[in-house]
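Trainee: Got a minute to look at this one with me? I'd like to start with the ligand.

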Amino acid sequence: MRANPHFQKLPAGYLFPEIGRRVRAYAAAHPEAKVIRLGIGDVTEPLAPAIIGAMHAAVDEMAARETFKGYGPEQGYDFLVEAIREHDYTRRGIEVAADEIFVSDGSKCDSGNLQELFAADAVIAVTDPVYPVYVDSNVMAGRTGAPGADGRFPGLVYLPATAANGFCPPPPETTDARGVDVVYLCSPNNPTGAVMTREQLTAWVAWAKQHDALIVFDAAYEAYIQDDALPRSIFEIPGAREVAVEMRSFSKRAGFTGVRCGFLVVPKDLRATGAGGERVSLNAMWSRRHTTKFNGASYVVQRGAAAVYTPDGLAQTGAQIAFYMENARILREGLARAGFTVYGGQHAPYIWLETPKGTTSWQFFDGLLDKAHLVGTPGSGFGPQGEGYFRLSAFNSRANVDEAVARIAKVFA
Ligand code: MLT
C-alpha cells in the first residue's frame, strides 16, 4: 500500500517521547542522579476520594447483571453531560445545550480529531509557540508543506506569541487574515502560561465573525485561573456560539491524565461553508464523526468525572489545584531569585522562562539535566518562537519542587 506521505514532513518523534528518550539515556549513564521531572505536564497527586468512591461504586455496578452497562451513549451519559452543563456553563450564565456537549477520552484526542471537519485545503492559523498537536495533526492531514529551515510548515499561518504581546497575539491584520479558516487558541496557555483577557477574546470573536473563521478554543487549563474577572470559557463572549468550539478536560482539573476524560462543546449556531457554498452545521458533522468513530468514554470513568462536580469533588479537586498553584508560585519566585526572567505560573501550571543569553532551549535542557538533574521542556519544541525559552511544569510533589528550586539556586548562583 502507499503510505500517507505527509507523515514524512514531521520530525521523527513527538516532543514528549523525545524528551523521555533523552532523560532515560541520561539516567542510564548516571544511575546516581536523582532526576526530578518537570517536563511533561502530568499530574502527580492521586485521584480525589470523591472520584475514587464514585469509580469503585461504578465498578461494583459492572459486577451485577442488573446494573451492568454495555455500550453507552457515544456523546456521554446524561448524568455527566448534565453535570457539565449545570456547573461549567449554566451557573456561569452561559447557554449550552446538552446535545452540544460531546464527552470524549480527552482533549488531546479531540484536538487531533477535530481537523477532520476542515476542508482538505483549509488554512490553519496557530500561535507560535503552540501545543504541538494542533500543528502535527494538520501536517498529517496534508494541510502543509515540508518544514523550512526555520522549522515552520509552509501553509500554516503563524501568530508569534512574544513577550512584547504578553504571549497573546492579536488577530492577524485584515490582509493577512484573508483565507484563514481556523485558528487554535489556548487559554490559559500551554506552554507560556499566559491567559487571555475578556477584551482580547472579544477581539478574536469579532475577527472570526468578520472572516467566517472558526476558533478552536482549548480551555484545558481553565480551572487554574485565579482571577474571576478572566474568562474561563469563550462562550462568555457574546457571539462566540457562532464562531467557536471549546475543548475541556478532566486531566489537569481533576488528575485524569491516566484515566482519560474530556469534552468538546460544539454549538448548534455554528455554521461552516460546504462544497457548494451552502451552510453546514459543525454540530451535526461532529456528531456524525463521534458516533461513527467513538463508542463513548467508559461508564466507570464518566462516573468518576461526574463526581468532580459533587460538593466533595469540587472541594477536593479545588484543593489539588491550589496545591499545584502553590508549586507554581514557589518555582516562579525561586527562578526569579536565581536571576531568570519568568512568565506564566499565575493562572496556569506552567512557568515559561527565558534561557540565559546565547543559550538555546535544547542547550539549556541538556545543561539543567546535567548540572541540576532537572527535566523541563525546551521552548523550541513548541515552535520556532519558543527558541530561547524553557517550560517548567508545576505538577510535582512539594518536596520535589522545593528541591528543584534549591538546585536551581545552587547551579545559577
Ligand atoms: C504538556 O505537557 O504539554 C501536556 O501534558 C500535553 C498534553 O496535555 O497532552
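Mentor: Happy to. Keep in mind that this is a predicted model. A good place to begin is Lys252: an N or O atom in its side chain is 2.9 Å from an oxygen atom of the ligand.

Trainee: What about the side chain of Arg391, how far is an N or O atom there from a ligand oxygen?

Mentor: For Arg391 that distance is 2.7 Å. Asn190 also has a side-chain N or O atom by a ligand oxygen, at 2.8 Å.

Trainee: And how much of the ligand's accessible area does the protein cover?

Mentor: The protein covers 85% of it, where the ligand on its own has 270 Å².

Trainee: Nice. Which residues are around the ligand?

Mentor: Phe16, Ile40, Gly41, Tyr131, Asn190, Tyr221, Lys252, Tyr350 and Arg391. Sorted by class, that shell has 5 nonpolar, 2 polar and 2 charged residues.

Trainee: Which domains does the shell draw on?

Mentor: Domain 1 (5–46 + 313–412) and domain 2 (78–307) each supply at least three residues.

Trainee: Switching topic to helix H10, residues 299–307: mostly covered or mostly open?

Mentor: Mostly covered, with 8 of its 9 residues buried.

Trainee: Which ones are buried?

Mentor: Tyr299, Val300, Val301 and Gln302 are buried, and so are Gly304, Ala305, Ala306 and Ala307.

Trainee: And what covers those buried residues of H10?

Mentor: Several elements, including helices H2 (49–62), H3 (78–89) and H11 (311–337), along with strand E2 (101–104).

Definitions and conventions:
Residues numbered from 1 in each chain as written. Predicted model: local features only at pLDDT ≥ 70, side-chain atom pairs only at ≥ 80, totals over all residues. Heavy atoms only, no water. Buried < 20%, exposed > 50% of the residue type's maximum accessible area, 1.4 Å probe, protein only. Helix = DSSP H or I, 4+ residues; strand = E, 2+ residues; numbered from the N terminus. Contact = heavy atoms within 4.5 Å. Near = heavy atom within 4 Å. Polar contact = N/O pair within 3.5 Å; in protein donor to acceptor, adjacent residues only side chain to side chain. Areas by Shrake-Rupley, 256 points an atom, 1.4 Å probe, with all protein chains shown as cover. Nonpolar A, V, L, I, M, F, W, Y, C, P; charged D, E, K, R; others polar. Domains from an automatic or database assignment.
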